[in-house]
Amino acid sequence: MPDDRRVRPDTPRDRLPGLGAWTVVSPAAEPAVPSPEGAAGPGGAADSDLLRAARGLPVRRTPVWFMRQAGRSLPEYRALRAGTAMLDACQDPDLVTEITLQPVRRHGVDAAILFSDIVLPLVVAGVDLEIAPGVGPVVASPVRTVADVDALPDLEPDRLDFLATAVGRLVAELGATPLIGFAGAPFTLATYLIEGGPSKEHARTKAFMYAEPEAWGRLLSRLAASAATFLRVQIDAGASAVQLFDSWAGVLSAADYAERVLPHSRAVFDGLAGRDVPRIHFGVGTGELLPLIGDAGADVVGVDWRVPLDEAARRVGPGRSLQGNLDPAVLLADRPTVDREVRRVLEQGRAARGHVFNLGHGVLPETDPGVLTHVVDLVHRLSTR
Ligand code: CP3
């Protein structure tokens, strides 16, 4: 495969091939081309600004990527996904590779995030679950009793070959651009299993947590084991960093989070022992939990838009970097507002040990992709050291 088809952070976007079109970048029959730099060498992914910021080292410029950058804001994504169910797409290495690369080519972000979903390990293990378009994950038989917890299938790592294949191809294509692997944290996955679908209050989840503390502990331990398996496969195939999404942990009090949830999130990170990749830990509405969230074992704490990064740095403490936290809704506003808010986030981010620029939650589907590209350029321009 010609070398100029590889995605590099310093390649002008107009020179990148296949922008907006689907090219299968690494057909199965063709061996992946290894990075000439080597992902771990100088100038490789391990020396990227994302990894440097995550470890609190000096950067050339503030790294930026967006949660949900691969997805419905991109017309090329919608074209590629047409006719394929979300969870089928996640298990097709060609689609995973191409969808993951789309936003890297288009926006010039400093990291790729694997195209997958937090519920995928459950599906692969055999839980009857689908992602309903515009709704989210829906579980056919929600977990409502202690017996339901004990009947959940375990995740066998050898069912994740498709994932290792996709990650291996991606890492070869990405060269010096790091790939972020991810998993859902035990609490957030438990909310989908127990509620049966998306929910606002997560009342059934909390009721189960209070009423059945032992079964709750068993459920979260099993989800932690499956998240760790899912992450190990991604790291061992070459992912440079991982993010653990505890999207809905913000519905808990700090006391309940500390006692009934945090030990299980920590178990996920403990399950990665011996694998030296930065760990990012993110949740929405976690202002009151920020002092605790890093304790699960994160190098980087993800912050939503509710708490300014300078205040978040104070709450998280000195030993960790921050990721965030532009309100995704700001991207729907006028250009002067976008620019002002980007500057504010960058300024407040200087209080942190290291700053990875991101949104405070995922890209909204109605976002103009041109605005995302503009934000990447602006962050880079304003932060060049
Ligand atoms: O670009 C990326 O961030 C990588 C891919 C990614 C997806 N889901 C793809 C996806 C990631 C990191 C996730 C994580 C995820 N999935 C989370 C944690 C992040 C967060 O948003 O808090 C959660 C809670 C889920 C569960 C889930 N899956 C929801 C709530 C939805 C949205 C439902 C909808 O349609 O509004 C999904 C589906 C989903 N996951 C889509 C994508 C691109 C949309 C599917 C489609 O294109 O039809």
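Start by selecting A46 in this predicted model. A46 sits in the segment before α1, the helix that spans 49–54. Is A46 buried or exposed? Count the other C-beta atoms within 10 Å and you reach 20; a residue is buried at 20 or more, so A46 counts as buried. Now add P278 to the selection and draw a distance between the two C-alpha atoms: A46 and P278 are 232 residues apart along the chain, yet their C-alpha atoms are separated by 10.0 Å.

Zoom out for a moment to see the whole chain. Its secondary structure comes to 15 helices and 9 strands. There are 385 residues, and 49% of them count as buried. If you look at contacts between residues at least 6 apart in sequence, 74% join residues at least 24 apart.

Next stop, the ligand. Select the residues that surround it and you should have 25. The closest are A70, G71, G136, F245 and S247, so colour these separately if your viewer allows. Colouring the shell by class gives 14 nonpolar, 7 polar and 4 charged residues.

Now pick helix α8, residues 186–195. How many of its residues are buried? The count is 10 of the 10, so α8 is largely enclosed by the rest of the structure. Walking along the helix, you pass the buried residues P186, F187, T188, L189 and A190, among others, and then reach further buried ones, including T191, Y192, L193, I194 and E195. Take one more step past the end of α8 and you land on G196, which takes a positive phi of about 90°.

Move on to a pair of helices: select α10 (residues 213–236) together with α11 (residues 254–270). Their axes come within 8 Å and cross at roughly 25°. Angles under 35 degrees count as roughly parallel, and α10 and α11 are therefore roughly parallel to each other. The crossing of α10 past α11 is right-handed. To see the contact itself, show side chains for W216, L220, S221, A224, A227 and A228 on α10, and for R260, H264, A267 and V268 on α11. By class, this contact of α10 with α11 has 7 nonpolar residues, 2 polar and 1 charged.

A second pair waits towards the end of the tour: α14 (residues 335–349) and α15 (residues 369–383). Here the axes come within 10 Å and cross at roughly 45°. How are α14 and α15 oriented to each other? They are oblique, as follows from that angle, and α14 passes α15 in a right-handed crossing. On the α14 side, display V338, D339, V342, R343 and L346; on the α15 side, display V371, V375, L378, V379, L382 and S383. The residues of this contact between α14 and α15 divide into 8 nonpolar, 1 polar and 2 charged.

For the last selection, follow the chain out of α14 to R350, which lies in the loop between α14 and β9 (355–359). Is R350 buried or exposed? R350 has 12 C-beta neighbours inside 10 Å and therefore counts as exposed. Finish by measuring from R350 to L322 in your viewer: the two are 28 residues apart along the chain, with their C-alpha atoms separated by 9.8 Å.

Note on methods
Residues numbered from 1 in each chain as written. Predicted model: local features only at pLDDT ≥ 70, side-chain atom pairs only at ≥ 80, totals over all residues. Near = placed C-beta within 6 Å. Nonpolar A, V, L, I, M, F, W, Y, C, P; charged D, E, K, R; others polar. Helix = DSSP H or I, 4+ residues; strand = E, 2+ residues; numbered from the N terminus. Contact = placed C-beta atoms within 7 Å. Axes fitted to C-alpha atoms, helices over the stretch in contact; angles between N-to-C directions. Parallel < 35°, antiparallel > 145°, perpendicular 65-115°, else oblique. Left-handed = near helix turned anticlockwise from the far one by under 90°.
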